Amino acid sequence: MQTESQNSTEPLLKTSGLTRRFGGLIAVNDVDFEIRPREILGLIGPNGAGKSTTFNLISGFYKPSSGSLKILGSDCTGRSSMVISRMGLVRTFQHGSLMPSMTVHENILLGTLHGIRGHAARRKRAEETAEMLGLTSYLAESAGTLPHGIQRLVSIGIAFAARPRLLCLDEPLTGLNQTEVTDTLSMLERIRDDFGCSVLLVEHNMKAVMQVCDRIVVLHHGEVLATGTPTEIRSDQNVINAYLGHRHGN
Ligand SMILES: Nc1ncnc2c1ncn2[C@@H]1O[C@H](COP(=O)(O)OP(=O)(O)OP(=O)(O)O)[C@@H](O)[C@H]1O
């Protein structure tokens, strides 16, 4: 999905005044942020801060109450998830995105259905994706029978098989052991460095976020509390008071 015409300085995604109300509750309020080419951006904040709502807004699963969303300079406000995925933004879901009764190969093939013509080319893409994620030996197995950490990787494989410009991952590290976390973070770096893909990471594992992200946006009560590098965020007194100080101590 990468195009030659993409201007490397133009944000991949930019929100302006993004707002979403649920009845009287403002879940996301006047949120401005951008995701740049070839970066891993962390979206963090306490429970109820508005991370999932923001994620659903930018991926077209929710329509904003007000504000705008641009992808590569094109106004995508209120567009469907299908249109947004065709523009190069592909997401995973918090509780996994796979079909348990299908094999790993069949699952990853699902991610190739849009944008790749011909069964042979799709199979090749699925196999390349599996190899990159270390899933080759699981290709023939039913996805639902595999350990949790492998299922998480298969979900990422389905999304990455489309070779998106922006891969949006909703809590991909939940339930992984330390080795699996380390492997997944290395894989995200490869996705960024070898494929030029940006990654939006919604994640509660602060150690991992601080380790892998190029920049971080902190949400609190639906608003952007801070934006910066991991070093800047770690030492931001507002962030420490609202989030890091309580949950993570260091
Ligand atoms: N569909 C909905 N209807 C009504 N209120 C909602 C809906 N979705 C989210 N909310 C509310 O919006 C606020 C933000 O929720 P959201 O799930 O976006 O936060 P979050 O940062 O993702 O939290 P968590 O870390 O617990 O997943 C919360 O007060 C939540 O109860």
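Here are some numbered notes on this predicted model, going from the two sheets to the domains and then the ligand.

1. **The four-stranded sheet.** Let's start with the sheet that reads β2-β1-β4-β5, an open one with antiparallel pairing. Its edges are β2 and β5; each has a single partner strand, so one side of each is left without a neighbour in the sheet. As a reminder, strands of a sheet pair through backbone hydrogen bonds, either parallel or antiparallel.

2. **How those strands are joined.** If you want to trace the pairing by eye, begin with β1 (residues 13-22), which pairs with β2 over seven bridges in the antiparallel sense. A handy landmark there is Leu 13, whose bridge partner in β2 is Ile 35. On to β4: five bridges link β1 and β4, again antiparallel, and Thr 15 stands opposite Leu 69 of β4. Finally, β4 and β5 run antiparallel and are joined by two bridges, with Ile 71 having Ser 74 in β5 as its bridge partner.

3. **The turn at Leu 72.** Have a look at the loop between β4 (66-71) and β5 (74-75), which is where Leu 72 is placed. The hairpin of these two strands has two residues between them. Leu 72 isn't a glycine, yet its phi is positive, at about 50°. For context, most residues other than glycine have a negative phi. Is Leu 72 buried or exposed? Leu 72 counts as buried because it has 20 C-beta neighbours inside 10 Å, and 20 or more is the cut-off for that label.

4. **The six-stranded sheet.** The other sheet to look at is also open, with six strands in the order β6-β7-β8-β3-β9-β10 and mixed pairing. Which strands stand at the edges? They are β6 (89-91) and β10 (223-228); each has a single partner strand, so one side of each is left without a neighbour in the sheet. From one strand to the next, the twist averages 20°.

5. **The β6 end of that sheet.** Here β6 runs parallel to β7 (residues 166-170), and three bridges join the two. To find the spot on screen, pick Arg 91, whose bridge partner in β7 is Cys 168.

6. **Helices on the sheet.** α1 packs on this sheet and touches β3 (40-44), β7, β8 (198-202) and β9 (215-220). The direction of α1 makes about 150° with that of β7. Helix α6 (residues 178-195) packs on the sheet as well, touching β3, β7 and β8. The direction of α6 makes about 150° with that of β8.

7. **A second positive phi.** His 221 sits in the loop between β9 and β10. His 221 has a positive phi of about 50°, although it is not a glycine. How many other C-beta atoms lie within 10 Å of His 221? There are 14, and His 221 is partly exposed.

8. **Two domains.** The domain assignment splits out domain 1, made of 36-63 + 79-88 + 164-250, and domain 2, covering 98-163. Their C-alpha centres lie 23 Å apart. Twelve residues from domain 1 and ten residues from domain 2 make up the contact.

9. **The domain 1 side of that contact.** Both β7 and α6 supply at least two residues each to the side of domain 1 that touches domain 2. α6 gives the largest share of that side, four residues. By class, the residues on this side of domain 1 are eight nonpolar, two polar and two charged. If you're colouring the model, α6 deserves a second look, as it also packs on the six-stranded sheet.

10. **Around the ligand.** Which residues are around the ligand? They are Phe 22, Leu 25, Ala 27, Gly 45, Asn 47, Gly 48, Ala 49, Gly 50, Lys 51, Ser 52 and Thr 53. The elements giving two or more residues to this shell are β2 (25-35) and α1 (51-58). The largest share, three residues, comes from α1. Sorted by class, the shell has four nonpolar, six polar and one charged residues.

Terms used: Residues numbered from 1 in each chain as written. Predicted model: local features only at pLDDT ≥ 70, side-chain atom pairs only at ≥ 80, totals over all residues. Near = placed C-beta within 6 Å. Nonpolar A, V, L, I, M, F, W, Y, C, P; charged D, E, K, R; others polar. Pairing = 2+ DSSP bridges. Axes fitted to C-alpha atoms, helices over the stretch in contact; angles between N-to-C directions. Contact = placed C-beta atoms within 7 Å. Domains from an automatic or database assignment. Buried ≥ 20, exposed ≤ 12 C-beta atoms within 10 Å, placed from the backbone.
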